[in-house]
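Q: Hey, I'm new to this one. Can you pull it up and walk me through it?

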Amino acid sequence: MDNTDSVAVKEACARFDFDPKRLLDILWQVQDVNRCVDANALTDIAQATGLPRVSVDGVASFYHFYSSRPKGRFAIYLCDDIVDRQHGFNDLLAVLRDELGIAPGQITADGLFSVDLTPCIGLCDQPPGLLVNQYIAGSLTPAKLRRLLQDLKKDSHPGSSFTQGGEGQNGNSLIQTRLKNNIRRRGAILGSGQLTESGLQNASELSSFEILETLRASGLRGRGGAGYPVWQKLDTAFRQITADKVVICNADEGEPGTFKDRVLLTEQPDLVFEGMTIAARATGASQGILYLRAEYRYLEAWLEERLAQRRAEGLLGSHICGTEGFNFDIRIQRGAGAYICGEESALIRSCEGGRGEPTSRPPYPAIQGYKGLPTTVNNVETFCCIARIFEIGATAFARLGTPQSTGTKLFSVSGDCRKPGVYEFPFGLTVRELLNHCQADDAAAVVVGGPSGQIIGRNEFDRRLCFEDLATAGAFVVFNSTRNILEIVRAYIQFFVDESCGYCTPCRVGNVFLLERMDKIIAGKGETTDIDYLRQLADTIIETSRCGLGHTSPRPILSTLANFPLVYAALLKAPNAGSQPGFDIQKALDEARHLAHRGSTLYDRDYSGGVS
Amino acid sequence: MKKKKRLATASLAGCFGCHMSLLDMDERLLEVLEHVEFDRSPLMDFKGFRQRCDIGLIEGGCCNEDNVHVLRQFRENCDVLVAIGQCAIMGGLPVMRNAIMHADDPLRECLEEAYNESPRVLNPGNHIPNDPALPLLLDKVYTCSEVVHIDFQIPGCPPSGDTLYQVLMALATGKKPEFSYGMIKYD
Ligand SMILES: Cc1cc2nc3c(=O)[nH]c(=O)nc-3n(C[C@H](O)[C@H](O)[C@H](O)COP(=O)(O)O)c2cc1C
Ligand code: SF4
Ligand code: SF4
C-alpha cells in the first residue's frame, strides 16, 4: 500500500475516535478515499481499533458497498430490480458497455469508472435508475446516460441536467437531484396544507404514561411490515430501568418496490424527527439513530442540516421545548448495502459496527438492544404517524382506516401503470381501487408488500390492503399481461439468495435450492414432483430459519403456486418411465468423451472405441 | 406361506458403508429374510435382475455412466426405489468435486488435482487412468433423485442398522417407513 492509502486509514480511524463501534463509518471513509478497503487497510484498521483483523474483514466483506478491489473514481451501481429490467435496464447496460467498454464487475483501464449491479435503489417509480458515488439518478434513457458519462469525464461532476430541477425538495441545494416525488395522493401524513406541525409541542407537555396511552388509543401499528402495535414496543422499553434508552428510525427501505420512506425523508424530514423525539419522550431515551440505507446517502447533507436546524430551535438537544429533563439527540448511521439490515436486530448490530446478522430473541431489542440498552426500532412512516397523532388527536387518527388497521398508509406504486408514485390512503382500500387510481389498465399480477409479501392475480383484486387481509409495508408493483410471472419469481428468489446473511443453513442453502428448482421448471424440465419439492422445501425454510428473511423468502413461489397454478402446469413435463427430464446423459458425458478421447460403451450406439 | 417381497440393492458412487450397515442388522437379518428375498445385490453377487423386484435400495450417487445405467435399470425393475445414505441423497463425499464448477474444464481440473497436482502424489509419467474398461465420468456428480424418481430417501452416513431394519420391515409389510426423531437425527 502506498503511503497516501495508509494516511487515509489513519485519518478515518482518528475521526471516529478509534471506536470499534463506529467501524461502518471508518470503513466508509476508507472506501471513499481509497476506493477500496484492501487487505492492508483491514490490518491497519484492526490495529487502530483493537479489533481482531478477522472481525474487521468479516464486517467489510459483509456489506455490498465495501470492496476489496478498487472501484472506479466514479463507481456506477446500476439498479437491476425486476422493474428496472423491464423498463430499459438492458439499454443502459449496452450504453455502459459501449461508452466505457466494461461489463458489470469491471473497471476501466484508467480507473475512472467501474460498473456493478445492485438491488432496488428505491426508484421503481422512475426506472431505470443508478447510483454514481453519492449521486442518484432515475428515469434514465440511453441518451441521458451518455450525457451523464460525458459530464463525469469532463468535469468530474454530473452536469446540471442531473442535479437541477428536481421536484420539491429534490431541487434543494443540499440534495440536488433531478428525482421526482410523484406524490399522487396526500392524506393525514403527507398533509394537505392545513396541518400545524404541532405534535411535538403537544407531546412535550405530556408524561410518558399519557403519550403511551394516546398511542394505544390511536391503534397505531408499525408501518415497516410486521404491524406490531407501536405503543406496546415503546411501553416495554419505557418499563426498563436503565441509565439510558435508544430510539432508532429504520430508514433501510430495502424491500424491492418500496420508496415511500425516500419521499418522506425528502419532503417531511421534520415530521420523522418529531416522531422520534416523541417516542424518546415516551420511553425516556436520550439517544436517537436514523439508520439510513447507503443508497440514500444523497439525502445526508439535507438531513444533517434539518437536525442542526432543530438543535438551534431547541427541538433537539437538552430541555427540548423548554421541558426540564427532556434531552434527546439524533445521529445518522449510514448503512453499507445489505437488505438484511432492515431487520431490527441486524440493524442494531450494524449500528454497533458489526455484521448485519439478526440475533436470536429473547432478549427483545426493547429490553436489550443497541449497546445493551432498551431500544425501540420503528419505520420512518411510523414516526410520521406518531407525530401526526399528537397533532390531530388519537380519535381522529383512529377514525381513519379499518378497526385493526387505523390511520392512513403510504403505498409505493410502480411497474406497469401510467401513474406510478406514492399514494396515501386510509387502510382498507381494495387492490382494484388502487389499480384504478394508478391507471393500470392491463394488470395481470400485483406484488403486494414486495418479494417478502404476496404475488396476487386478478381473482384477488378485491382483497383489501390492511392488516386484516393483505398486510403490506407499502410496495405495490404492477405487472401487465405480457410479463412472465416465473421470471419475476426467479428474480425475487435470486434477491433472497444474494441477501441472506448466511447464518441459518435452511435460508442460506435452501433458497439456492429453490432457485435451482425454479430454473429447472422455467427450462421446461420440471415435473409435478418438483412442485412437491418446492412446497416441502419452502415449509422447511419458513419453519427453521431464524429471522423474517427466511420466514418470508419462499413466498414468491408459494403465492404464485396458489394464485397462478396454470403458469406452472403449462411448463411441467409428463413423467417419463421414472427418468428425470432434467438429466441429460449425453451432455453429462461430453466432457469425459473429449478428455478420454473415446466414446461411451453404454450411451454411444455406434461405439467403436476411440472417437476423434 | 405368504409370498416374500423381492429386494435388490446396489452400490453406486458410495463407499459400501451403507451396505455394511445392512449387515449391522445382525441377527435381525434373519427376521428380515423371512419377509424378503434377495435378487440382484452385491450381497448375493447377482449381476443382473432375475425378475422384477418390489424394493430397490441404492447406496451412492452417480459419478460415471455405469452408475446412471445401473440406477436406470433399478428404476425400471423395482416398484419402490429407496436412496439410502448421504451419498445417494446429496452426493456425499464424491460430490465435493462439483465445487470446481467455475473452471472452464472442471473434470480435467479434478483429474489433474487427483492424479498430478496434489502435493503428496508421485506420478512421474503424469498418467491419468483411461483404460477403455473404465466407465466415462460424468461432468459432475448427480444425486439419485436428479437422475431418476426416488420414492424414499433415508438419511445417514450410513443410516444405522436399526434404521435400515425399520425401512425393510415397513416396506416388506407394505407400509411407509417412519422413524422416531432420534433415529434420523445425526449430531
Ligand atoms: C429481512 C427484513 C428486512 C426488513 N427491512 C425493513 C426496512 O427496510 N424498513 C423497515 O422499516 N422495516 C424493515 N423490516 C422490519 C423491521 O424488522 C422492524 O419490524 C420494523 O422496522 C419495526 O418498525 P415498525 O414497527 O414501525 O414497523 C425488515 C424485516 C426483515 C425481516
Ligand atoms: S433466516 Fe436467513 S437472513 Fe435470517 S438469520 Fe437466518 S440466514 Fe440470516
Ligand atoms: S452415505 Fe456414507 S456410508 Fe453410505 S456410501 Fe456414502 S459415505 Fe459410505
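What follows is a short chat about salt bridges and a ligand site.

A: Heads-up first: this is a predicted model, where local features need pLDDT of at least 70, side-chain atom pairs count only at pLDDT 80 or more, and totals for chains, interfaces and linings use all residues. Residues are numbered from 1 along each chain as its sequence is written, chains are lettered from A and ligands numbered from 1 in the order in which they are written, and side-chain values use heavy atoms, with hydrogens and water left out.

Q: Okay, how many salt bridges are there over all chains?
A: The count is 44, taking a salt bridge as a side-chain nitrogen of Lys or Arg within 4 Å of a carboxyl oxygen of Asp or Glu.

Q: Which residue does A:Arg216 pair up with?
A: A:Glu213, with the closest N and O atoms 3.1 Å apart.

Q: And how are those two placed in helix α10 of chain A?
A: They're three residues apart in that helix (residues 208-218), so about one helical turn separates them. Helices here are DSSP runs (H or I, at least four residues), strands likewise (E, at least two), numbered from the N terminus.

Q: Is A:Arg216 buried or exposed?
A: In between: A:Arg216 is partly exposed at 42% relative accessibility, and A:Glu213 is partly exposed at 41%. Buried means under 20% relative accessible area, exposed over 50%, partly exposed in between (1.4 Å probe, protein chains only).

Q: Switching to chain B. What does B:Asp79 bridge to?
A: B:Arg52, at 2.9 Å between the closest N and O atoms. That pair links distant parts of the chain, 27 residues apart: B:Asp79 is in strand β5 (residues 78-84), and B:Arg52 is in the loop between β2 (36-38) and β3 (53-59).

Q: What about B:Asp151 and B:Arg75?
A: Their side chains meet in a salt bridge too, 3.3 Å from N to O. B:Asp151 is in the loop between α6 (144-147) and β7 (152-154) and B:Arg75 in helix α3 (residues 65-77), so the bridge ties together parts 76 residues apart in sequence. B:Asp151 is partly exposed at 37%, while B:Arg75 is buried at 11%.

Q: New topic: which residues come nearest to ligand 2?
A: Of the 13 residues around ligand 2, the nearest are A:Cys501, A:Tyr503, A:Cys504, A:Cys507 and A:Cys547. Being near means having a heavy atom within 4 Å.

Q: What's the mix in that shell?
A: Eight nonpolar, four polar and one charged. Ala, Val, Leu, Ile, Met, Phe, Trp, Tyr, Cys and Pro count as nonpolar, Asp, Glu, Lys and Arg as charged, and the others, Gly among them, as polar.
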